[in-house]
Amino acid sequence: AGKTWEPVRDMQYKAFAPLPMIRLPDATILGISRWTARYDQEKGVFIGMTHRFNEATGTFSMSESFIRVPENITLLVFDRHIFDVGNGELMAVVYGSAPMLLKSADRGQTWTHFSTLARGKRHEPAVARFSATEMTAILRTNGYQPFEQIWSNDGGKTWGSAVTLEEGSVDPDLVYMKNGVLACSYGRNGSNLMFSLDKGRIWGFHQVITD
């Protein structure tokens, strides 16, 4: 239960080690490589790695994943979140040239563009999914500049206008807890936590973890 840890054998030697991971309903543990490689022969195509973990033996297998996004995308990073959205589909949060949502209907073997969260220099998106339709995202804007927050009411397909927060400025993460509290960690200056009781409309209860 997290009291002790040990590395997955041979994982530390992989250039395309997974970062976001998810446990599927059948107990399969799926991981997607953070880094991807752009396929130079075709615009909008990237190659990544899908990892499957065998919890009983502590081993993993890797297979290439095919990712198709808009042609203007030149950099693609899987950073934090993967959601099981039902009907055998997964949704992943990515960024690079733009913050986006991707969907997969085959357990991460192929991914296709679902929506773009924002235009311009917006990075490091953190997304919370409250229901099949209601979502929010916090995005980094620039160095030492406050975050922006956006909402979707159609399952992430479209996003509303951004609200500028007082807090920031890098690497946000969101966890929607079972008790209905939304938690956000963020950095610079320091490492911090804040909480919302209304799905991110109002933030408070700020805690400085390190300065």
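Both F147 and Y186 are buried, and in this predicted model the two rings form an edge-to-face aromatic pair, with 6.1 Å from centre to centre and 85° between the planes. F147 belongs to the loop between β11 and β12 (148-152), whereas Y186 is part of strand β15 (residues 182-187), so the pair ties together parts that are 39 residues apart in sequence.

The structure holds four aromatic pairs in total. Another of them is formed by F130 and Y176, which also meet edge-to-face, at 4.7 Å centre to centre and with 80° between the planes. Here F130 comes from the loop between β10 (123-129) and β11 (135-140) and Y176 from strand β14 (residues 170-176), so this contact ties together parts that are 46 residues apart in sequence. F130 has a relative accessible area of 13% and is therefore buried, the cut-off being under 20%. Y176, at 32% relative accessibility, counts as partly exposed.

Aromatic rings also take part in contacts with charged side chains. K103 lies over the face of F114, at 4.4 Å from the ring centre, and the charged end of R188 sits over the ring of Y144, 5.4 Å from its centre. The ring contacts described so far are set out below.

| Partners | Kind of contact | Values |
|---|---|---|
| F130 and Y176 | edge-to-face aromatic pair | 4.7 Å centre to centre, 80° between the planes |
| F147 and Y186 | edge-to-face aromatic pair | 6.1 Å centre to centre, 85° between the planes |
| K103 and F114 | K103 over the face of F114 | 4.4 Å from the ring centre |
| R188 and Y144 | charged end of R188 over the ring of Y144 | 5.4 Å from the ring centre |

Two of the loops named above flank β11, and this strand belongs to a sheet. Strands of a sheet pair through backbone hydrogen bonds, in either a parallel or an antiparallel manner. In this case an open sheet of four strands follows the order β10-β11-β12-β13, and the pairing is antiparallel. β10 and β13 (163-164) stand at the edges with a single partner strand each, so one side of each is left without a neighbour in the sheet.

On one side of β11, five bridges join β10 to β11 in an antiparallel arrangement, with V127 standing opposite A137 in β11; the two strands form a hairpin that has five residues between them. The antiparallel strands β11 and β12 are likewise joined by five bridges, and T136 stands opposite W151 in β12.

How many of the six residues of β11 are buried? Six of the six are, so the strand is largely enclosed by the rest of the structure. Both of its faces are covered, with M135, A137 and L139 buried on one side and T136, I138 and R140 buried on the other.

Turning to the nonpolar interior, the largest core has 18 residues, and those with the most contacts inside it are I67, V69, L76, F78 and W111. The elements that give two or more residues to this core are β2 (29-33), β6 (76-86), β7 (89-96) and β8 (100-104). When neighbours within four places in sequence are left aside, W111 is in contact with residues including I32, I67, F78, L90 and L102, and also with K103, the residue that lies over the face of F114. A second, separate core of 13 residues includes V93, L117, A118 and L139, the last of these being one of the buried residues of β11.

Some backbone features also deserve attention. Most residues other than glycine have a negative phi, and most peptide bonds are trans. In this model a cis peptide bond joins G168 and S169, with omega at about 25°, and S169 is found in the loop between β13 and β14. A cis peptide bond also joins R188 and N189, with omega at about 5°; N189 has its place in the loop between β15 and β16 (191-196), while R188 is the residue whose charged end sits over the ring of Y144.

Positive phi values occur at D10 and F205, neither of which is a glycine. For D10, phi is near 75°; this residue lies in the segment before β1 (18-23) and, at 39% relative accessibility, counts as partly exposed. For F205, phi is about 55°; this residue is found in strand β17 (residues 204-210) and, at 52% relative accessibility, counts as exposed.

How values were computed. Residues are numbered from 1 along each chain as its sequence is written. This is a predicted model: local features need pLDDT of at least 70, side-chain atom pairs count only at pLDDT 80 or more; totals for chains, interfaces and linings use all residues. Side-chain values use heavy atoms; hydrogens and water are left out. Rings of Phe, Tyr and Trp (its six-membered ring) pair if their centres lie within 6.5 Å; planes under 30 degrees apart count as stacked, over 60 as edge-to-face and the rest as tilted. Buried means under 20% relative accessible area, exposed over 50%, partly exposed in between (1.4 Å probe, protein chains only). A charge sits over a ring if NZ of Lys or CZ of Arg is within 6 Å of the ring centre and within 35 degrees of the ring normal. Two strands pair if DSSP finds at least two bridges between them. A nonpolar core is a set of buried Ala, Val, Leu, Ile, Met, Phe, Trp, Tyr and Cys residues joined through side-chain atoms within 4.5 Å. Contact means heavy atoms within 4.5 Å.
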